[in-house]
Structures are given as structure tokens and as C-alpha cells.
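Let's walk through this fold together, from one pair of residues out to the whole chain. Please have the sequence and the 3D view open side by side.

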Amino acid sequence: MAPSGTDQPWCIDVSGREEAIPLVRRWVRLLLAEEPELAEAFELIVSEYGTNALWHSASGAPGGRIRVELLISNRQALLTVLDDGPVPVRTDEEADPAEHGRGLILADAYADETGQDDRADGHAAWALINH
């Protein structure tokens, strides 16, 4: 359980594999156990951002990693998912474009603010919720 009002982010680094997504969802749920609505929102958001990292970055390649950070204060919670950066265009013929992209719309709906930025060691997607 995350202490209320902490300024220190909670962090988890996971392997860039599909099996890591349920793990980071459970991690978020445990940290936010005392705030179920916040936990539900961030579970959805971390699932979407983590899956995007697997599909659209070098995190999904062999040896890839995903880092999730959760910063909780008395008034806000900030979730950031960092990936390993760009990868050549994915040509997965089994992927249906209609099945992808809706999660970011849901993340925007749950969060008060969202954003993305490139960093020296990869790409970050973040969501901020006031509580």
C-alpha cells in the first residue's frame, strides 16, 4: 500500500512481454488499494500504455523492458510508463487496426491530464488524476 502524500515515486521494471501487463495492473491495484476508483482508472491506463509500449516500441523486442512509475500526493496521482524507444514499423498481419487505439481514448477520459514525451532513454506516456 502506498502511503498517502508521498513525494517519492513507486517504480517497477518489467520484461517487455505480454505477461508483464497483468503484473503491472496488479501492482497498481495493490498500491492504490485504499482508493478503488483511482485504482480502477490507473489499472486501465497502465494496461493501455503498457500494451502500446509492447506493440510500438523496442520494449516489445527481445530483451526489452517497461518501467512504470506511480507518484502519489495528497491531491494528485501521476502514472508514467516508460518504454525503450522507437523500433522499426511493425508488420503484424494478424493485427486488426480496428482493435487498437480505443484505449488511449479511454485513458484520456479517465485522467484529468495525459501526455507523451520523448526522453533520452525512450518514450514516456503519462496520466494525471486529481483526487
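Which residue in β3 does Leu-70 stand opposite? Leu-70 stands opposite Leu-79 in β3. Before we go on, a word on the ground rules: this is a predicted model, in which local features need pLDDT of at least 70 and side-chain atom pairs count only at pLDDT 80 or more, while totals for chains, interfaces and linings use all residues. Residues are numbered from 1 along each chain as its sequence is written, and side-chain values use heavy atoms, with hydrogens and water left out.

Let's get an overview. The protein chain has 3 helices and 5 strands; helices (H or I, at least four residues) and strands (E, at least two) are DSSP runs numbered from the N terminus. Along the sequence they follow the pattern β-α-α-β-β-α-β-β. Among contacts between residues at least 6 apart in sequence, 64% join residues at least 24 apart, where contact means heavy atoms within 4.5 Å. Of the 131 residues, 37% count as buried; buried means under 20% relative accessible area, exposed over 50%, and partly exposed in between, using a 1.4 Å probe and protein chains only.

Now for the sheet. It is an open sheet of 5 strands in the order β1-β2-β3-β5-β4, with antiparallel pairing; two strands pair if DSSP finds at least two bridges between them. The edge strands, each pairing on one side only, are β1 and β4 (113-119). On average, neighbouring strands are turned by 15 degrees against each other, direction ignored. Angles here run from 0 to 180 degrees between N-to-C directions, and axes are lines fitted to C-alpha atoms, for helices over the stretch in contact.

We can cross the sheet strand by strand. β1 and β2 pair in the antiparallel sense over 6 bridges, and Asp-13 has Arg-67 in β2 as its bridge partner. β2 and β3 also pair antiparallel, over 6 bridges, and they form a hairpin with 3 residues between them. Here Val-68 has Val-81 in β3 as its bridge partner. The loop between β2 and β3 holds Asn-74, which is exposed, with a relative accessible area of 56%. Asn-74 and His-131 are 57 residues apart in sequence, yet 7.8 Å apart in space, C-alpha to C-alpha. At the other side of the sheet, β4 and β5 pair in the antiparallel sense over 7 bridges, with a hairpin of 2 residues joining them. Asp-117 has Ala-124 in β5 as its bridge partner.

Ala-124 also turns up around Thr-80, a residue of strand β3. Thr-80 is buried, with a relative accessible area of 6%. Not counting residues up to four places away in sequence, Thr-80 touches Arg-67, Val-68, Glu-69, Arg-119, Ala-124, Ala-125 and Trp-126.

What about the two faces of a strand? In a regular strand the side chains alternate between the two faces of the sheet. β2 has a covered face, made of Ile-66, Val-68, Leu-70 and Ile-72, and an uncovered one, made of Arg-65, Arg-67, Glu-69 and Leu-71.

Helix α2 lies across β2, β3, β4 and β5, running at about 15 degrees to β3. The largest nonpolar core has 30 residues, and those with the most contacts inside it are Leu-32, Phe-42, Ile-45, Val-68, Leu-70 and Leu-79. Such a core is a set of buried Ala, Val, Leu, Ile, Met, Phe, Trp, Tyr and Cys residues joined through side-chain atoms within 4.5 Å. Its largest share, 9 residues, comes from α2. Leaving aside neighbours within four places in sequence, our starting residue Leu-70 is in contact with Pro-9, Trp-10, Trp-27, Leu-31, Leu-32, Phe-42, Leu-78 and Leu-79.

Finally, let's look at how two helices meet. The axes of α2 (residues 36-56) and α3 (residues 102-110) come within 9 Å and cross at roughly 145 degrees. The contact is made by Glu-40, Ala-41, Leu-44, Ile-45, Glu-48, Tyr-49 and Asn-52 of α2, and by Gly-103, Leu-104, Leu-106, Ala-107 and Tyr-110 of α3. Ile-45 thus links this contact with the nonpolar core.
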